[in-house]
Amino acid sequence: LGIAVDKDGNIAVLERGNKRVQIFDTNNGNSLRSFPVEGENTYGIDVDSIGRFLVTSWGENAGIRCYSQEGELLNTLKSDCMRAPCGVAVLKDGRMVVAEPRQKSCLLLRPDGSLIRDIGKGRLQKPVFVAVDESR
């Protein structure tokens with residue numbers, strides 16, 4: 001479902017049906033590589049400032065999975081505050097904004113997945129995607 005741009009300018013596509021991330025060359029559209037992802041219902045993807053892929057999934061094993069540039073699962077961030085993480089956007093300093101439709105809010109998380117603050121708690125109607133603009 002999600003799409004992100006990696007640090008080399010390539011397009012990373014999260015394929016929910018194939019349970020993988022596929023990386024495409026922006027110059028010619030060819031697939032460069034792919035890697036499998038874990039999680040029951042994968043949803044969102046973003047790339048942090050050092051090139052790691054962060055993939056959200058909801059369901060029985062809800063969380064944010066962090067993969068290396070080569071596709072190796074590095075760790076899974078799970079928090080009591082995340083019930084159905086969907087869209088994810090990573091800030092330059094590693095903090096994350098995660099859309100949480102079940103809680104009708106967005107979560108601002110530390111790089112370790114712990115909660116900084118709940119944004120719009122109960123006032124948003126099922127947010128599923130999120131984007132950030134740090135240039136302003």
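This is a short talk on one strand, one pocket and one surface patch of the structure shown above.

A word on the source before I begin: this is a predicted model.

I will start with strand S5, residues 41-47. Of its 7 residues, 7 are buried, so S5 is largely enclosed by the rest of the structure. Its partner is strand S6, residues 53-58, and the two pair in the antiparallel sense over 5 bridges. If you want a place to look, find Thr42, which stands opposite Ser57 in S6. S5 and S6 form a hairpin with 5 residues between the strands. In that hairpin Gly51 takes a positive phi, near 95°.

Next, the largest pocket. Its volume is about 290 Å³. Which residues are closest to its centre? Of the 19 that line the pocket, they are Ala4, Ile45, Asp46, Val47 and Val88. By element, S1, S5 and strand S9, residues 88-90, each give two or more residues to the lining. S5 gives the most, with 4 residues. So the strand I began with, whose 7 residues are buried, comes up again in the pocket lining.

Last, the surface. Ile3, Val5 and Ile11 make a nonpolar patch there of about 270 Å². Take Val5, which is found in strand S1, residues 3-5. Is Val5 buried or exposed? With a relative accessible area of 53%, Val5 is exposed, because the cut-off for exposed is over 50%. S1 therefore holds a residue of the patch, Val5, and S1 is also one of the elements that line the largest pocket.

That is the end of the talk.

Notes. Residues numbered from 1 in each chain as written. Predicted model: local features only at pLDDT ≥ 70, side-chain atom pairs only at ≥ 80, totals over all residues. Heavy atoms only, no water. Buried < 20%, exposed > 50% of the residue type's maximum accessible area, 1.4 Å probe, protein only. Pairing = 2+ DSSP bridges. Patch = residues over 30% accessible without salt bridge, like charges linked within 9 Å, V, L, I, M, F, W, Y side chains within 5 Å. Areas by Shrake-Rupley, 256 points an atom, 1.4 Å probe, with all protein chains shown as cover. Salt bridge = Lys/Arg side-chain N within 4 Å of Asp/Glu carboxyl O. 1 Å grid on protein atoms, 1.4 Å probe; cavity = no way out; pocket = protein on both sides within 12 Å on 5 of 7 lines; lining within 4 Å. Points joined across faces, edges and corners; volume = space filled by probe spheres on them.
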